[in-house]
Structure formats: structure tokens, C-alpha cells
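The following note sets out points for a colleague's consideration. It proceeds from surface and overall form to the interior and then to the end of the chain.

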Amino acid sequence: MVNARTKAVRAWMNAGGDRDGRPGWVARGQIASGVLKPGDGLRFANVDCDTRDDYVVTKYPSGAATAWLNRGGDQDGRPGWVARGQIASGVGIAQGQGLAFADIDGDQRDDYLIWDLRTGSVQAWINNGGDPA
């Protein structure tokens with residue numbers, strides 16, 4: 001959940017989902033202080049192949065993406081994110097299109113996808129490590 005005022009992100013860990021009258025989610029608290037600006041999009045995607053989703057800010061309409069690598073999330077007053085910088089310069093997102101990240105080639109790194117609601121098409125750019133650092 002993103003706080004609308006501070007842009008900080010809070011999370012709940014999945015402990016099996018709610019069942020048998022027991023809560024299945026454990027509050028993790030604030031995991032990121034937030035860097036979003038008006039008009040930015042936020043995604044969590046595994047961009048570095050380490051099993052943890054990373055914090056990715058997307059810009060519209062360019063589609064540019066900047067990532068912070070997940071090193072455990074903020075905890076005990078310590079930052080848990082490492083700035084990776086821009087990972088995609090973007091290809092432009094038109095009306096009726098959207099941006100997503102998903103591993104489509106099975107290498108455990110999420111790839112960059114643009115989908116088009118009007119045509120049902122999806123274009124993909126394979127994640128080979130992102131833009132040069």
C-alpha cells in the first residue's frame with residue numbers, strides 16, 4: 001500500500017492467506033520511504049534475478065523505468081534498497097496501452113512489456129541486465 005501523502009510503501013507478508021478464522025497476512029510495516037512524484041507509476045518486479053521483487057518507478061508517457069534493488073526493504077531505520085538507476089529508457093506508451101513486467105523467457109528476471117488493450121497485442125523487451133549503469 002502506498003501512502004498518498006508521503007509515498008511510503010507498507011507491506012504485509014503472505015502467511016498462507018486468511019483461513020479458519022486466522023489472519024493469513026503479517027504486517028511488515030514500512031518497506032520503502034517512497035520516491036514517487038505526481039504522474040509516476042510504481043511496480044514491483046524482479047529485475048536482477050535474486051528472487052526478491054525490486055522497486056521500479058515508471059514515467060508516463062515515455063515508459064522509462066528506474067529501479068532500486070531489494071536488499072530486504074527498509075527495516076529498523078535502515079534503508080534496504082540500492083539505487084540501480086534507469087533500467088529502461090522507454091518506448092512510449094499511448095492511450096489504451098499499459099506497461100508491465102513479467103518473466104517471459106524463464107530466466108528469473110522480469111522483462112519489459114507493453115500491452116495494447118485495443119488490439120490485445122503484447123510487445124516484449126527481454127531483460128538482459130537493463131540499461132548500462
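**Notes on the predicted model**

1. The chain exposes about 8,000 Å², and carbon and sulfur atoms supply 53% of that area. The coordinates under discussion are those of a predicted model.

2. As to overall dimensions, the C-alpha trace spans about 45 × 35 × 30 Å along its principal axes. The chain has 133 residues, of which 32% are buried.

3. The secondary structure consists of nine strands and zero helices. In sequence order the pattern therefore reads β-β-β-β-β-β-β-β-β, strands being DSSP runs numbered from the N terminus.

4. Contacts between residues at least 6 apart in sequence were also classified by separation: 28% of them join residues at least 24 apart.

5. On electrostatics, the chain carries 15 positive and 16 negative charges. The mean positions of these two sets are 8 Å apart.

6. The UniProt record, an unreviewed entry, places the feature "domain: MOSC" at residues 1-45. Over residues 1-45 the chain is 42% strand and 0% helix, and the end C-alpha atoms of that stretch are 15 Å apart.

7. Which residues touch the most other members of the largest nonpolar core? They are Val47, Val56, Ala65, Ile87, Leu99, Phe101 and Tyr112, in a core of 13 residues. At least two residues of this core come from each of strand S5 (65-70), strand S6 (81-88), strand S7 (97-102) and strand S8 (111-116). With three residues, S5 gives the most to the core. A second, separate core has seven residues, including Ile31, Ala32, Val57 and Trp81. As general background, nonpolar side chains tend to be buried together in soluble globular proteins.

8. Leu99 merits inspection in the viewer. Leaving aside residues up to four places away in sequence, Leu99 touches Arg43, Thr58, Tyr60, Gly63 and Ile93. The list of its contacts also includes Tyr112, Leu113, Ile114 and Trp115. Of these partners, Tyr112 is named with Leu99 among the core residues that touch the most other members.

9. Is Pro132 buried or exposed? Pro132 has a relative accessibility of 77% and therefore counts as exposed, the cut-off being over 50%. Pro132 is found in the segment after strand S9 (122-125). Although Pro132 and Ala88 are 44 residues apart in sequence, their C-alpha atoms are 9.4 Å apart in space.

Terms used:
Residues are numbered from 1 along each chain as its sequence is written. This is a predicted model: local features need pLDDT of at least 70, side-chain atom pairs count only at pLDDT 80 or more; totals for chains, interfaces and linings use all residues. Side-chain values use heavy atoms; hydrogens and water are left out. Helices (H or I, at least four residues) and strands (E, at least two) are DSSP runs, numbered from the N terminus. Buried means under 20% relative accessible area, exposed over 50%, partly exposed in between (1.4 Å probe, protein chains only). Contact means heavy atoms within 4.5 Å. Accessible areas come from the Shrake-Rupley method with a 1.4 Å probe; for residues, only the protein chains shown count as cover. Lys and Arg count as positive and Asp and Glu as negative; His and the chain ends are not counted. The place of a charge is taken as NZ of Lys, CZ of Arg, CG of Asp or CD of Glu. UniProt positions are given in the numbering used here, feature names are shortened, and annotations may be inferred rather than shown by experiment. A nonpolar core is a set of buried Ala, Val, Leu, Ile, Met, Phe, Trp, Tyr and Cys residues joined through side-chain atoms within 4.5 Å.
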